[in-house]
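Biologist: Could you walk me through this one slowly? I'd like to see what stands behind each label.

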Number of protein chains: 2
Amino acid sequence: ERLVAGIRRYIEIVDENIDAVTLTYRESRTLDRAGRDRIKELEVSTSAPLRDVLEDGIAAGLLNDVDVDLMVFDLLLLAHGWALKHWHFGALYSLDEYIRLQIRFVLNTILPAERRDSYAHLVR
Amino acid sequence: ERLVAGIRRYIEIVDENIDAVTLTYRESRTLDRAGRDRIKELEVSTSAPLRDVLEDGIAAGLLNDVDVDLMVFDLLLLAHGWALKHWHFGALYSLDEYIRLQIRFVLNTILPAERRDSYAHLVR
């Protein structure tokens, strides 16, 4: 489904840019206010597709009525976590395992109980 | 229950040290290898209580058999997120709301379906 594909792609992009992500967290101090505002804008705009999928899924009754503002940034944090905590996660999981486990974590909270059986291959 | 208290306390500590948390992410580059290793050790040791609660809960059959290594660091990321993404979360939620919403997010994935009714006040 679209949400799973979106999360997977977002984490893959973090993986492809793992040095840039950690660099951005480290070096934000050296940017001026305009530079920091620009990074914040980019985080909001690059997360827009995830937000759209969540809002569509909730509107269609396919997903639980979660707090979208929270969920989008939680997904961002978990994706950036692949870079920020690579010393921990990278030693334990492959990229594919990390994606699969985080998707399982998120789907368990976001899928209505009665729909989990249809997605058993993703939730287990 | 102990897990909820542990998560709440961990996020409260991040809130009390919000500048120190962002500083640590920003300035890790300026530390030498020993300094960075020390921070990693501290993250592992300060998260040990959360790990213990999770392992006890799983052993007692109170929690789903989740991946503890993943869950502990996901909880760390979501707690640090209160500092790292304060420009986003801080504008939307109070500290108490943030704690309540993140606990709801986590419990929904970690509590067995048949036990969620007993914790309805935390999961809704």
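Modeller: Let's start with a definition: buried area is the accessible area, for a 1.4 Å probe, that two parts lose on being put together, summed over both. Keep in mind that this is a predicted model. Here chain B and chain A bury about 3500 Å² between them, and 65% of that area is on carbon and sulfur atoms.

Biologist: What makes a residue of chain B count as in contact with chain A?

Modeller: Heavy atoms have to be within 4.5 Å. By that test, 34 residues of chain B touch 34 residues of chain A.

Biologist: Why is the relation between chain B and chain A called a two-fold axis?

Modeller: Superposing chain B on chain A takes a rotation of 180 degrees, with 0.0 Å of shift along the axis, and the RMSD is 0.0 Å. That is just how a two-fold axis relates two copies. In chain B, the C-alpha nearest the axis belongs to B:Arg26, at 1.9 Å. And both copies use the same surface: 100% of chain B's contact residues recur in chain A.

Biologist: Why is the pair B:Glu43 and A:Lys85 called a salt bridge?

Modeller: The rule asks for a side-chain nitrogen of Lys or Arg within 4 Å of a carboxyl oxygen of Asp or Glu. For B:Glu43 and A:Lys85 the closest N and O atoms are 2.8 Å apart, so the pair passes the 4 Å cut-off. The count between chain B and chain A is two salt bridges, and over all chains it comes to 14.

Biologist: How do you know that A:Lys85 and B:Glu43 join two chains?

Modeller: Look at where they sit: A:Lys85 is in the loop between helix 5 (68-84) and helix 6 of chain A, while B:Glu43 is in helix 3 of chain B, so the pair links two chains.

Biologist: And why is the pair A:Phe89 and B:Phe73 called edge-to-face?

Modeller: Two cut-offs matter: ring centres within 6.5 Å make a pair, and planes over 60 degrees apart make it edge-to-face. A:Phe89 and B:Phe73 come out at 5.9 Å centre to centre with 75 degrees between the planes, so both conditions are met. A:Phe89 lies in helix 6 (residues 86-92) of chain A and B:Phe73 in helix 5 of chain B, so this pair, too, joins two chains. The structure holds 11 aromatic pairs over all chains.

Technical notes
Residues numbered from 1 in each chain as written. Chains lettered and ligands numbered in written order. Predicted model: local features only at pLDDT ≥ 70, side-chain atom pairs only at ≥ 80, totals over all residues. Heavy atoms only, no water. Least-squares fit on C-alpha atoms with pLDDT ≥ 70 in both. Phe/Tyr/Trp six-rings, centres within 6.5 Å; stacked < 30°, edge-to-face > 60°. Helix = DSSP H or I, 4+ residues; strand = E, 2+ residues; numbered from the N terminus.
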